[in-house]
Amino acid sequence: MTATVFRWREPSILPGFGLALGITVTALSLIVLIPLAALFIKAASAGPADIWAVATSPRTLAALKLSFFGAFFAATVNAVFGLILAWVLVRYDFPGRRLIDAAVDLPFALPTAVAGIALAAIYAPNGWVGSLLAPYAIKVAYTPLGVMVALIFIGLPFVVRTIQPVLEELPADIEEAAALLGASRWRTVFTVLLPPVLPALLTGFVLAFARAVGEYGSVIFIAGNVPMVSEIAPLLIVIRLEQFDYAGAAVVATIMLLLSFSLILLVNLIQASARRRFGDV
Amino acid sequence: MSDASLPYQIEDLAPARAARRVKGESRIVQFVLVAISLLFLCLFLFLPLISVFVEAGARGWHAYREAILEPDALAAIRLTLLIAAIAVPFNVIIGLAAAWAIAKFEFRGKSLLISFIDLPFSVSPVISGLVFVLLFGAQGYFGPWLAANDLKIIFAVPGILLATIFVTFPFVARELIPHMQSLGSADEETALTLGASPWRTFFTVTLPNVKWSLFYGVLLCNARAMGEFGAVAVVSGKIRGVTTTMPLHVEILYNEYMGAAAFAVASLLAGLALVTLVLKTVLEWHFADAIAASRRH
């Protein structure tokens, strides 16, 4: 397999291309690609009538609705507070700033089951936060609101870490020019500083959203898991599996995957168009 | 921000104050934004983390020790360490191979290969487990063949291992690829020209160059391998003391209303998360160039 015959790779004096690519492609196929293909084949083998029946059953629709709308709501909350947090971390100096900057990654490092039981404990009616809300008849744990809390927890670092580098590299001169030309601070922030951050904010939003849609561990402890009310789509897959309804589980999983992949494609398109407008983001 | 509505008369202000007026927000706005951020982090990050340790210690030191030294808990700790001890080195080898092929050579389909390596990030953990049940479960494609040959993958350790490797597949590769790309191939070409063998070049030139981004990837990979819940929950079958990893053991205890014991085991995992965060932060401060890329995952 020499480069002069097959023009699909540039010639190089470095050795080991075949070995390295071979190991990578073999492992990738065996562990990721073939198993995922098996999922699609299993879902397709259910037949159109069964697929439609599973996809449009009220329980499936309720679970998908909760997972997708819950993820959308959580990603929106994260976009607002993540932007404030990133702004504060990049622009202000206050005691404990570096500690807080490091702590933002906690949801990446903390196992989801641990996060799940901890959130359930503090948002339960007798928990630290839940007991403060109980007098106002606000129930968080074991309701759809509890699902949102877990999804906000899991998505926060995606938004902050995507915005931070863009905020750090905003040029100071346009900001000074806007202020010296008489723009109010408010106007400078919203018409000069934030527009270049918008693509990154949108990317962070979609990453947080995509992660939240599939999230399982941190949600099931706080959700209450009542069918049709607080049952997320990944849990429905687990329930179908426990009933040995492999095809049903595969159909729900395929719907989720196709929706998630469309989102990833969307992120790539946003990034490509942002690169054309603002340079590297 | 009422005072910001008029053009500034810079000469009236002390220089430092002028700079702040032009570029920053007023003290009050700064204070409010910092307060909102801290409150938000307290509600969603700090209180849950603290509660793990408080609940773990609620029944006292003796109960804590007992929860951790109980045989099923010890078996769970052993299994978690075993899974990480296999999954992490596996991902190191694959990550190094993938980074070598992608960073040192130009070939068609490279960006497609990178997308495929990143694929597990966008798959729900539950689906990552489900795919292996569909292949190797009792009613899966290879189920009858496995049963006939007396092999068990699902509801056994190999299934847990496969699900963990699937979930952690991108971690090492995606830290190594951008770093190796930024380093180029000049060092390796020099070593080869001077007569070093390919393997010697790899072990004495390439590997030392990328050691910090490799360590960073290993750190994140290990945290995920030890903490993975959804994918492992689907394939494990949760046979106590046999196929329960630490996160699954936490779930079982919690569902049996043994809250203090669940939080005691959870506190070990939270401790692992804190150690990971500290090491990660130290690496980011000292080796920013090596690990500038992809802090997102």
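Which side chains meet in a salt bridge with an N to O distance of 2.9 Å? Here are some notes on that and on the rest of the model, which is predicted.

1. **The salt bridge.** The partners are Arg185(A) and Glu25(B), whose side chains come together at 2.9 Å, N to O. This pair sits in a wider picture: across the interface of chain A and chain B the rule finds two salt bridges. If you look at polar contacts instead, the count between the two chains is 10 residue pairs, both members at pLDDT 80 or more.

2. **Who supplies the surface.** On the side of chain A that touches chain B, helix α1 (residues 17-44) gives the most, with 18 residues. By residue type, that side of chain A divides into 78 nonpolar, 12 polar and 11 charged residues. It is worth colouring this face by type when you open the model.

3. **Extent of the interface.** In terms of contacts, 101 residues of chain A meet 91 residues of chain B. The two chains bury about 8700 Å² between them, and 80% of that area is on carbon and sulfur atoms. Leu14(A), Ile31(A) and Arg185(A) supply 8% of the area that chain A buries against chain B, more than any other three residues. Arg185(A) therefore turns up twice in these notes, as it also takes part in the salt bridge with Glu25(B). 

4. **Overall build of chain A.** How many helices and strands does chain A have? There are 14 helices and zero strands, and the elements run α after α from the N terminus on. Along the principal axes, the C-alpha atoms of chain A fill a box of roughly 75 × 65 × 35 Å. Of the 281 residues in chain A, 57% are buried. Among contacts in chain A with a separation of 6 or more, 72% join residues 24 or more positions apart.

5. **Transmembrane annotation.** An unreviewed UniProt entry marks residues 12-41, 61-90, 102-124, 136-160, 189-210, 216-239 and 246-270 of chain A as "transmembrane region". Two of these spans can be set beside the model. Residues 61-90 of chain A are 100% helix and 0% strand, with end C-alpha atoms 42 Å apart. For residues 102-124 of chain A, the span is 78% helix and 0% strand, and the end C-alpha atoms lie 28 Å apart.

6. **Domain annotation.** UniProt, again in an unreviewed entry, lists residues 64-267 of chain A under "domain: ABC transmembrane type-1". In the model this span is 75% helix and 0% strand, and its end C-alpha atoms lie 21 Å apart.

7. **Thr203(A).** Is this residue, part of helix α11 (residues 198-214) of chain A, buried or exposed? Thr203(A) has a relative accessible area of 3%, which is under the 20% limit, so Thr203(A) counts as buried. Leaving aside residues up to four places away in sequence, Thr203(A) touches Thr162(A), Val267(A), Ile270(A) and Gln271(A).

8. **Ser115(B).** For a look at the other chain, try Ser115(B), which is placed in helix α5 (residues 110-118) of chain B. With a relative accessible area of 42%, Ser115(B) is partly exposed, because that value falls between the 20% and 50% limits. A polar atom of the Ser115(B) side chain lies 2.8 Å from the backbone oxygen of Ser111(B). Ser115(B) and Pro170(B) are 55 residues apart in sequence, while their C-alpha atoms are 9.9 Å apart in space.

Key
Residues numbered from 1 in each chain as written. Chains lettered and ligands numbered in written order. Predicted model: local features only at pLDDT ≥ 70, side-chain atom pairs only at ≥ 80, totals over all residues. Heavy atoms only, no water. UniProt positions renumbered as here; feature names shortened; annotations may be inferred. Helix = DSSP H or I, 4+ residues; strand = E, 2+ residues; numbered from the N terminus. Contact = heavy atoms within 4.5 Å. Buried area = accessible area lost by both parts, 1.4 Å probe. Salt bridge = Lys/Arg side-chain N within 4 Å of Asp/Glu carboxyl O. Polar contact = N/O pair within 3.5 Å; in protein donor to acceptor, adjacent residues only side chain to side chain. Nonpolar A, V, L, I, M, F, W, Y, C, P; charged D, E, K, R; others polar. Buried < 20%, exposed > 50% of the residue type's maximum accessible area, 1.4 Å probe, protein only.
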